[in-house]
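User: I have a model open and want to go through the empty spaces and the packing inside it. Can you take my questions one at a time?

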Amino acid sequence: MLVVLAALAPLVLPWLGNVDDQRLVDLDVYRTGGRELLEGRPVYDFMTPAPQLLPFTYPPVAAMLATPLAMMSWPVAQWAWTAMIVLTLAVTVRYAFRPALERPALERLGGWRLPLLFALLTVACAYLMPIRDQFRFGQVDILLVALCLADCLAPRPPWPRGMLIGLATAVKLTPGVFLIYLLLTGFGPGARREQRDAFLMAVFTATLLTVLPFLVIPSDAADFWFGALLDPERLGANAATTNQSVRGMLIRLYLPDQLTSLLWLALVAVIAWYGFRHARRALLDGHTTTAVALVGLMAVLLSPVAWIHHLAWVVVVLGALAGS
């Protein structure tokens, strides 16, 4: 742990020590969303202070879950969130690289060598650009990766399998690709009962957390599902090079809008067919980490908007390659 903290200090401390309007700006969005909720103001009407001017773009249950952040002071929230990023990155590395770390040759290292190797892997992954951006912006992506990865790879989880995927889907929608993955691997030829049970639990959890805000904060829930969700420009300039989704790449070709939409739908169909087909095959062949890596990458490619920090799935991709 000391090795990790010492190696991450040059990456983390400059952002924690930056001027207020430039540090962990996405964490400020989460925290402000929770504060607006606590103070009874519309969650989807506010903007964070200039120069950022960022709106709350997540489903209403995310604002409910952000209320504890709103109760903290800004410095405490920053440190707590940064610690959460480090912890969930470590969880992600542990699950993603488990096939590699549990090889007999490495297990024979014993003593302090294997924990040191794990620490070095965690630090190396922290310096990948999508993970650096987690610290820079105070993003939530690595937490969502850890939730989905643990749900798929934990040998005997103490929670009902599928619950964490349902939670991640309710908070940021894009992990919903894992619902399709669980559906395809839980039903039909070669189906697995545990995948089917996980699918039902994930759907139940996501549905519960989606319906709950309609009972608690109905106006905010309606504002999101019938307004904010339908406006992709709330997420930022879709044509920016930081939008690494397939749709973002097509928009930068500056073709007619209708042609861009048709090309996007065609490519989404091709990528989904290829990706889910090979994810299912990887699972049936016993390569679950590879399956999760493929589905995670589809969460980025198929989304209408996907910023570079959404590619936190790269940690799982590297783990799958290392374990192959």
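User: Which residues line the largest cavity?

Analyst: A cavity here is a set of points on a 1 Å grid over the protein atoms alone where a 1.4 Å probe fits but cannot get out, and lining residues have an atom within 4 Å of a point. Keep in mind that this is a predicted model, where local features need pLDDT of at least 70, side-chain atom pairs count only at pLDDT 80 or more, and totals for chains, interfaces and linings use all residues. Residues are numbered from 1 along each chain as its sequence is written, and side-chain values use heavy atoms, with hydrogens and water left out. The lining of the largest cavity is Asp141, Leu144, Val145, Lys172, Thr174, Pro175, Ala299, Val300, Ser303, Ala306, His310 and Trp313.

User: Which helix gives the largest share of that lining?

Analyst: Helices are DSSP runs (H or I, at least four residues), numbered from the N terminus. Two of them, H10 and H17, each supply at least two residues to the lining of the largest cavity. The largest share is three residues, and the helix behind it is H10.

User: How many charged residues are in the lining of the largest cavity?

Analyst: For the classes, Ala, Val, Leu, Ile, Met, Phe, Trp, Tyr, Cys and Pro count as nonpolar, Asp, Glu, Lys and Arg as charged, and the others, Gly among them, as polar. By that split, the lining of the largest cavity has seven nonpolar and three polar residues, and the charged ones number two.

User: How much space lies in the second largest cavity?

Analyst: The structure holds two cavities of 30 Å³ or more. A volume is the space filled by probe spheres set on the grid points, which are joined across faces, edges and corners. The largest cavity has about 140 Å³, and the second largest has about 60 Å³.

User: Which elements give two or more residues to the lining of the second largest cavity?

Analyst: Its lining is made of Asp151, Cys152, Arg161, Gly162, Ile165, Tyr181, Leu182, Gln195, Ala198 and Thr288. The elements that each give two or more of the residues lining the second largest cavity are H10, H12 and H13.

User: How many residues of H12 are buried?

Analyst: Buried means under 20% relative accessible area, exposed over 50% and partly exposed in between, with a 1.4 Å probe and protein chains only. Helix H12 runs over residues 177-186 and is mostly covered. Val177, Phe178, Leu179, Tyr181, Leu182, Thr185 and Gly186 are its buried residues, so by the under-20% cut-off the count out of 10 is seven.

User: Which helices do the buried residues of H12 pack against?

Analyst: The test is contact, meaning heavy atoms within 4.5 Å. After H12 comes Gly188, which has a positive phi near 90 degrees. The partners of the buried H12 residues are H10 (141-153), H11 (163-172), H13 (193-216), H16 (257-284) and H17 (288-301).

User: What is the distance between the end C-alpha atoms of H16?

Analyst: The expected span of a helix is 1.5 Å times one less than its number of residues. H16 has 28 residues, so it should span 40 Å, and the distance between its end C-alpha atoms agrees, at 40 Å.

User: Is Gly275 buried or exposed?

Analyst: Gly275 lies in helix H16. Leaving aside its neighbours within four places in sequence, Gly275 is in contact with Leu294 and Met298. Its relative accessibility is 5%, so Gly275 counts as buried.

User: Which residues touch the most other members of the largest nonpolar core?

Analyst: A nonpolar core is a set of buried Ala, Val, Leu, Ile, Met, Phe, Trp, Tyr and Cys residues joined through side-chain atoms within 4.5 Å. The largest one has 83 residues, and those touching the most other members are Phe56, Phe135, Phe178, Tyr181 and Trp313.

User: What classes of residue line the second largest pocket?

Analyst: A pocket is an open set of grid points with protein on both sides within 12 Å along at least five of seven lines. The second largest holds about 320 Å³ of space, and Leu65, Trp81, Val140, Leu143 and Val171 lie nearest its centre. With no polar and no charged residues in the lining, the 15 residues are nonpolar.
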